[in-house]
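Reader: Could you take me through one part of this protein closely, namely its sheet and whatever packs around it? I would enjoy a connected account rather than a list.

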Amino acid sequence: MTQTQQIVEELYDFYTKTAVNIITYYDANEREEKLKELRDIVENNCSQLKKLQSAESIQRRILDLYEDDDTEHNIASIIEEYNRAISEISTNVSKDKKLIEFDKHVEILLDKAPCEDDDEDVELQLSGGYLNVIDPISKKRIVDPVKNTKCGHTYDRESITGMLKINNKTRCPVMGCKSTDFVTLSQLRSDIVMKAYLEKNPE
Ligand SMILES: [Zn+2]
């Protein structure tokens, strides 16, 4: 994980933690308002991030054009490319993965069953509208949930670290997982939503 990705993950973790706190400590009336305020912040953040990513890709494309800098008509093509790229900067984040994920987290925390038409790209461990709290490795109820940020699957910390100790070339143990990368400790993050869910739904 790059440093930027790490910062982004931490930021969204912070938003999720804030949502957990709002749901835990505010009464029903205030809760809705506070959650809306938080969602506006998340949405704004998604849009800023998208602009930043677009700006980075514009920079890369323009640098690529400069590389084969052999004719003077190149300047025209650079300007053309620049204008085209700028026009592509869109701030519509309604389909933003992180925003959809945030909405889903809030739904789970509020005990609302997720909608059927949700974006399938957002991989959350859901079964029958509830979080699947069974660890895919030990097949026991998860105690300390950690999420694999590569594929979105969650395991029990003890099980996955135990597995990696035995073999550090281990792929995600969830059946049908699309990720073919080896699991590393650095890509595991505490799963805040499942943690809150486990606390709310004791055995
Ligand atoms: Zn996986």
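Author: Gladly, and a word on confidence comes before the sheet. This is a predicted model, with a mean pLDDT of 84 for the protein, and 87% of the residues reach 70 or more. Among the elements, helix 5 (residues 157-166) has the highest mean pLDDT, 96, whereas strand 1 (residues 126-127) has the lowest, 44. Two stretches call for caution. Residues 115-123 have pLDDT below 50, and beyond near neighbours in sequence this stretch has 9 contacts in the model. Residues 125-129 also have pLDDT below 50, with 10 contacts in the model beyond near neighbours in sequence.

Now for the setting of the sheet. The protein has 6 helices and 5 strands, and from the N terminus on they follow the order α-α-α-α-β-β-β-β-α-β-α. Contacts that reach far along the chain are well represented: of those between residues at least 6 apart in sequence, 55% join residues at least 24 apart. Of the 203 residues, 19% are buried.

The sheet itself is open and made of 3 strands in the order 4-3-5, with antiparallel pairing. Strand 4 and strand 5 stand at the edges and have a single partner strand each, so one side of each is left without a neighbour in the sheet. From one strand to the next, the twist averages 40 degrees.

Let us look at strand 3 (residues 145-148) in detail. In general, the side chains of a regular strand alternate between the two faces of the sheet. In strand 3 both faces are covered: Pro145 and Lys147 are buried on one side, and Val146 and Asn148 are buried on the other. Strand 3 is joined to strand 4 (residues 154-156) by 3 bridges, and these two strands run antiparallel. One of the pairs here is proline 145 with its bridge partner aspartate 156 in strand 4. The hairpin of strand 3 and strand 4 has 5 residues between the strands, and in this hairpin glycine 152 takes a positive phi near 90 degrees.

Towards strand 5 (residues 188-190), strand 3 again makes 3 bridges, and that pairing is antiparallel too. Across it, lysine 147 stands opposite arginine 189.

The loop leading into strand 3 has a backbone detail of its own. Lysine 139 sits in the loop between strand 2 (130-131) and strand 3. Its phi is positive, near 60 degrees, in a residue other than glycine. Lysine 139 has 8 other C-beta atoms within 10 Å; a residue with 12 or fewer counts as exposed, so lysine 139 is exposed.

What lies across the sheet? Helix 5 lies across strand 3, strand 4 and strand 5, running at about 85 degrees to strand 4. Helix 6 lies across strand 3, strand 4 and strand 5 as well, running at about 150 degrees to strand 3.

Helix 6 also takes us to the core. In soluble globular proteins, nonpolar side chains tend to be buried together. Here the largest nonpolar core has 17 residues, of which Leu109, Val193, Ala196 and Tyr197 touch the most other members. Two or more residues of this core come from each of helix 1 (3-25), helix 2 (28-67), helix 4 (97-109) and helix 6 (192-200). Helix 6 gives the largest share, 5 residues. Apart from this core lies another, of 6 residues, among them Val146, Tyr155, Ile160 and Leu188.

Within the first of these cores, tyrosine 197 deserves a second look: leaving aside neighbours within four places in sequence, tyrosine 197 is in contact with Ile108 and Leu131.

Finally, helix 1 shows what else meets helix 6. In helix 1, Tyr12, Tyr15, Thr16, Ala19 and Val20 are buried, and the buried residues of this helix pack against helix 2, helix 4 and helix 6. The length of helix 1 is as expected: at 1.5 Å a residue its 23 residues should span 33 Å, and its end C-alpha atoms are 33 Å apart, which agrees.

Methods. Residues are numbered from 1 along each chain as its sequence is written. This is a predicted model: local features need pLDDT of at least 70, side-chain atom pairs count only at pLDDT 80 or more; totals for chains, interfaces and linings use all residues. pLDDT is the predictor's confidence in each residue, from 0 to 100. Helices (H or I, at least four residues) and strands (E, at least two) are DSSP runs, numbered from the N terminus. Two residues are in contact if their C-beta atoms, placed from the backbone, lie within 7 Å. A nonpolar core is a set of buried Ala, Val, Leu, Ile, Met, Phe, Trp, Tyr and Cys residues joined through C-beta atoms within 7 Å. A residue is buried if 20 or more other C-beta atoms lie within 10 Å of its own, exposed if 12 or fewer, and partly exposed in between; C-beta atoms are placed from the backbone. Two strands pair if DSSP finds at least two bridges between them. Axes are lines fitted to C-alpha atoms, for helices over the stretch in contact, and angles run from 0 to 180 degrees between N-to-C directions. The expected span of a helix is 1.5 Å times one less than its number of residues.
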